[in-house]
Amino acid sequence: MSEVQNSKSEVFDSKSYLNMELLRFTTAGSVDDGKSTLIGRLLYDSKSIFEDQMENIEATSTRRGETSVNLALLTDGLKAEREQGITIDVAYRYFSTPKRKFIIADTPGHIQYTRNMVTGASTANLAIILVDARQGIVEQTKRHSIIASLLGIPHIALCINKMDLVNYDESIYNKIVDEYRQFATRLKTKDIHFIPISALVGDNVVHRSEKMKWYEGVTLLYLLENIHISGDINHIDLRFPVQYVIRPYSDEFHDYRGYAGRIASGVIRPGDKVTVLPSGFTTTVKSVELDGKTFEQAFAPLSVTVLLEDDIDISRGDMLVREGNVPRQSQDIEAMVCWMGEKPLQLNGKYALKHTSKDARAVVKEIKYKLDINTLHRLTENVSIEMNDVGRIKLRTTAPLLVDSYTRNRDTGSFILIDEATNVTIAACMIID
Amino acid sequence: MSYTLNHLRTLESESIFIMREVAAQFQHPAILFSGGKDSILVTYLAKKAFYPAAIPFPLVHVDTGHNFKETIDFRDRLVKKLNAKLIIGSVQESIDTGRVAEEKGINASRIRLQTTTLLDTIEKNKFDACIGGARRDEEKARAKERFFSHRDEFGQWDPKNQRPEIWNLFNGRMHMGENFRIFPISNWTELDVWQYLAMEKIELPSLYFSHKRRVFNRDGVWLAESPFIPMKPSEEVKEEIVRFRTIGDITSTGATFSTASTLDDIIQEVATTRTTERGGRADDKRSETSMEDRKKVGYF
């Protein structure tokens with residue numbers, strides 16, 4: 001049994017947390033490549049495991065007749081999952097170091113759950129993709145990388161795992177890296193890091209490996225703590241979708257009319273000239289505030305309340321932008337779609353649509369192609385887009401949407417489709433400009 | 001110019017976004033208020049989200065009748081201060097009207113009974129969205145919970161058939177009779193909550209800070225001496241310096257020995273602590289899947 005002394009015990013600088021950043025990452029891999037063990041290792045070695053959790057998995061490991069503590073049990077979820085030994089749904093895990101707080105979207109690896117990968121990837125800064133050093137690059141590695149790239153995850157960490165099982169052989173690592181580099185020329189994600197690890201033993205996860213002196217790069221945790229992420233957000237194009245209008249109707253705030261929302265991108269300051277879309281009126285920002293406190297400047301992803309100099313009729317679904325830097329306004333939208341519905345996508349089918357704070361309806365005008373997400377080949381003959389498929393479609397919406405391309409703006413470039421009969425979310429769509 | 005936010009401001013912004021989305025998408029939302037720090041945080045964030053307007057949701061307290069007096073005093077003061085509307089769903093009333101039967105025996109608790117009272121209160125007030133302070137780091141069944149969690153007309157949660165939540169697009173569409181549970185602080189950890197409460201100087205019930213209290217040990221959990229908990233002859237009451245890490249029904253909330261008397265002390269303690277927050281909750285010790293089972297039938 002591993003020693004529990006590794007649980008949390010260090011003295012904590014009680015004010016340093018005010019400088020911690022938040023990093024969201026997703027983990028993907030195929031069924032047996034040690035994803036749960038890696039997460040368990042990150043939690044364990046970063047001292048994020050509590051005694052009662054540790055005792056719990058020690059007891060379970062012993063009961064199952066395992067010789068060492070199975071760290072993978074730390075991420076065990078629902079009863080059905082434990083019975084089947086698989087992960088059904090996205091699970092969220094949390095840990096922090098003095099530098100950053102981390103949110104892990106732990107997504108299942110098997111083919112039929114591409115929709116979960118998409119869910120986990122949609123807000124991630126980074127994707128960890130695991131490769132079994134004995135197997136090398138397999139179909140699932142490619143599929144996960146393509147989805148990460150499609151969803152616009154800015155950084156990928158390719159972890160070549162189980163190095164302990166290939167005698168920490170540098171040439172095996174190099175061969176995998178070369179093969180992946182060739183494949184990755186077709187990906188949109190350009191910032192790719194390679195790390196040889198053993199999640200089981202702990203090499204290069206939190207602590208540097210003694211067995212792989214030939215590796216000169218950083219450990220996985222070091223990468224997670226230090227990778228530059230503030231550049232991941234678009235601070236150029238102001239996009240402020242109005243979410244809710246605050247009207248107190250009180251004596252003190254009789255004429256108060258605040259536009260509440262979360263800045264999707266860009267920066268907003270008092271005195272800025274802004275255009276209200278779709279009406280096109282231009283006015284000046286009187287104040288940017290929250291809870292009675294004003295901001296000199298506010299930027300994505302802050303939730304704020306904006307007050308304007310002029311009394312203009314503005315409601316949920318409208319957008320404040322900078323004069324001269326406006327999104328495209330259109331009812332004809334072309335997008336990559338990840339289909340999540342049980343029934344296949346219907347040509348000429350009508351669906352409810354949600355884009356920023358705007359609701360509309362849409363009809364599918366054309367299915368351009370289906371993407372083979374293992375090879376990136378485009379299939380154009382007799383195409384049917386079914387659950388877990390990715391394809392390119394054209395839609396016509398009931399009202400104009402205010403859109404940017406997904407590659408420029410993850411917020412104004414994305415929308416979901418909803419089945420109007422069941423109310424279930426059935427597609428994630430990324431706009432192509 | 002630097003455009004970086006610390007993790008607490010990032011979480012705050014996300015939670016406020018969720019809160020405003022609820023106000024925009026639902027007709028009759030409510031905040032489920034237990035009197036614990038998480039529901040106090042949720043209420044505080046709601047106030048921030050809509051200021052200078054009042055919080056557009058009533059606070060709903062599902063009251064087991066087995067409370068710490070400090071919780072109720074605090075609740076009533078907060079409601080007055082925020083000029084909020086309070087609705088109480090009474091478990092005692094559910095027992096009196098025969099909707100549920102009181103558990104018997106030494107470990108009798110009203111935790112399970114709360115579910116019926118909660119569902120009755122939702123139905124009676126026609127709430128279509130109930131905002132709660134549950135966090136994903138609390139418990140393994142909660143790690144898979146959505147921000148917008150759909151419940152069928154029986155209030156049931158189906159973990160295998162949840163709606164995907166992609167980007168910041170939240171789908172609150174539903175059929176008549178169904179409703180949603182909303183969890184705006186899903187991504188906060190216990191430590192985040194304490195750090196934020198300290199950063200914002202938010203007032204809390206005195207139970208969270210160290211104080212003298214008469215307690216006794218049952219199955220490894222230190223419970224407060226109370227007329228609501230019958231004691232075994234072998235159980236012995238001692239006066240100790242304790243505080244509570246979570247606050248719920250008095251029959252199932254365990255005390256921890258602690259001298260932490262300020263928020264900074266608590267942050268220090270939580271950051272270095274060796275057991276999970278719910279480790280002191282007798283209601284979770286009933287079985288390995290007790291939370292998952294309770295959630296499926298409509299528990300918070």
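Okay, let's start with a cysteine: Cys429(A) is buried, with a relative accessible area of 0%. Keep in mind throughout that this is a predicted model. So what is the nearest cysteine sulfur to Cys429(A), and how far away is it? That would be the sulfur of Cys338(A), at 8.0 Å, and Cys429(A) is in no disulfide. The cut-off for a disulfide is 2.5 Å between the sulfurs. Over all chains, the disulfide count comes to zero. Cys159(A) is another buried one, again with a relative accessible area of 0%.

Right, on to the nonpolar cores. The largest has 81 residues, and the members touching the most others are Phe25(A), Leu42(A), Leu151(A), Ile160(A), Tyr180(A) and Leu220(A). Let me pick Leu42(A). If you leave aside neighbours within four places in sequence, Leu42(A) is in contact with Phe25(A), Phe95(A), Val205(A), Val206(A), Leu220(A), Leu221(A) and Leu224(A). Two of those names, Phe25(A) and Leu220(A), were also on the list of residues touching the most other members. There's also a second, separate core, with 65 residues, including Met19(B), Phe148(B), Val193(B) and Leu204(B). As a general note, nonpolar side chains in soluble globular proteins tend to be buried together.

Now chain B as a whole. The assignment splits chain B into domain 1, which is 7–193 + 289–296, and domain 2, which is 202–284. Taken over C-alpha atoms, the centres of these two domains of chain B are 23 Å apart. How many residues does each side put into the contact? Domain 1 of chain B gives 32, and domain 2 of chain B gives 30.

Last stop, one helix: α3 of chain B, residues 69–82. This helix has 14 residues and runs 20 Å from first C-alpha to last, close to the 20 Å you'd expect at 1.5 Å a residue. Which of its residues are buried? In α3(B) those are Thr71(B), Ile72(B), Phe74(B), Arg75(B), Leu78(B), Val79(B) and Leu82(B). Looking down the axis of α3(B), the buried residues fall within an arc of 165°, so they line one face of the helix. The general reason is that an α-helix has 3.6 residues a turn, so residues three or four places apart point the same way. And what sits over that buried set? The cover includes α2 (37–50), β2 (59–63) and β3 (86–90), all in chain B. Round on the other side of α3(B), the lysines Lys69(B), Lys80(B) and Lys81(B) are exposed. Right after α3(B) comes Asn83(B), with a positive phi, near 55°.

That's me done, thanks.

How values were computed: Residues are numbered from 1 along each chain as its sequence is written. Chains are lettered from A and ligands numbered from 1 in the order in which they are written. This is a predicted model: local features need pLDDT of at least 70, side-chain atom pairs count only at pLDDT 80 or more; totals for chains, interfaces and linings use all residues. Side-chain values use heavy atoms; hydrogens and water are left out. Helices (H or I, at least four residues) and strands (E, at least two) are DSSP runs, numbered from the N terminus. The expected span of a helix is 1.5 Å times one less than its number of residues. Buried means under 20% relative accessible area, exposed over 50%, partly exposed in between (1.4 Å probe, protein chains only). The arc is that of the directions from the helix axis to the C-beta atoms. Contact means heavy atoms within 4.5 Å. A nonpolar core is a set of buried Ala, Val, Leu, Ile, Met, Phe, Trp, Tyr and Cys residues joined through side-chain atoms within 4.5 Å. Domain bounds come from an automatic or database domain assignment.
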